[in-house]
Amino acid sequence: MNARQTRYLTALLVTLAGLAGGIRSGHAEAPPVELAPYMTELQQLTHKLSLSVAAKNPALAEFYLYESLQVINTIQEQVPEYRGIAVAVLLDQIARPHYDGLTQALAQPDTARWQPSVNALIDSCNQCHQATQHGLIKIRLNPNNPYLQDFRP
């Protein structure tokens with residue numbers, strides 16, 4: 001079982017435990033799903049995506065782009081609203097256009113378009129944080145590779 005599956009299984013077990021507690025107490029209200037674990041996963045995938053782009057490895061970049069979009073889909077399904085903030089709507093309005101732009105850039109052999117598209121994607125993260133009064137969370141491009149992974153093609 002990988003780390004992602006472990007997090008999802010843990011979230012499911014916590015939710016089921018909450019439901020069981022609610023049933024015993026007479027009401028079946030599930031606890032709210034936390035957004036932070038999903039955002040942490042998205043941040044890690046985005047970092048790997050940026051390292052793949054910097055290494056000019058389109059196949060690996062497309063893989064991390066796909067994985068990032070899967071997490072966004074999961075967020076929109078599991079946490080469409082968080083503390084009164086329409087997360088699903090904001091992801092569609094602010095983030096997805098930049099994911100689409102990066103998808104289009106990676107389809108081009110001109111690698112000069114790739115990095116600006118990654119920069120725009122990271123900027124969209126900060127735009128969303130500003131729009132939700134979470135501007136204290138600042139995402140910055142980090143060229144360091146903390147992973148035991150070679151991103152070169």
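Here are a few questions and answers on the aromatic rings and the largest pocket of this predicted model. Residues are numbered from 1 along each chain as its sequence is written. Local features need pLDDT of at least 70, and side-chain atom pairs count only at pLDDT 80 or more.

Q: Why is the aromatic pair of F63 and Y64 called edge-to-face?
A: Rings of Phe, Tyr and Trp (its six-membered ring) pair if their centres lie within 6.5 Å, with planes under 30 degrees apart counted as stacked, over 60 as edge-to-face and the rest as tilted. F63 and Y64 are 5.0 Å apart, centre to centre, with 70° between the planes, so the pair is edge-to-face.

Q: What makes the pair of Y64 and F151 tilted?
A: Its planes are 45° apart and its centres 6.4 Å apart, so it meets the rule for a pair and falls into the tilted class.

Q: How do you know that Y64 is buried, and why is F63 called partly exposed?
A: Buried means under 20% relative accessible area, exposed over 50%, and partly exposed in between (1.4 Å probe, protein chains only). Y64 has 7%, so Y64 is buried. F63 has 40%, so F63 is partly exposed.

Q: Why does K48 count as lying over the face of Y147?
A: The rule asks for NZ of Lys or CZ of Arg within 6 Å of the ring centre and within 35 degrees of the ring normal. K48 is 4.7 Å from the ring centre and lies over the face, so the charge sits over the ring.

Q: Which helix gives the most to the lining of the largest pocket?
A: Helix 2, with six residues.

Technical notes. Side-chain values use heavy atoms; hydrogens and water are left out. Helices (H or I, at least four residues) and strands (E, at least two) are DSSP runs, numbered from the N terminus.
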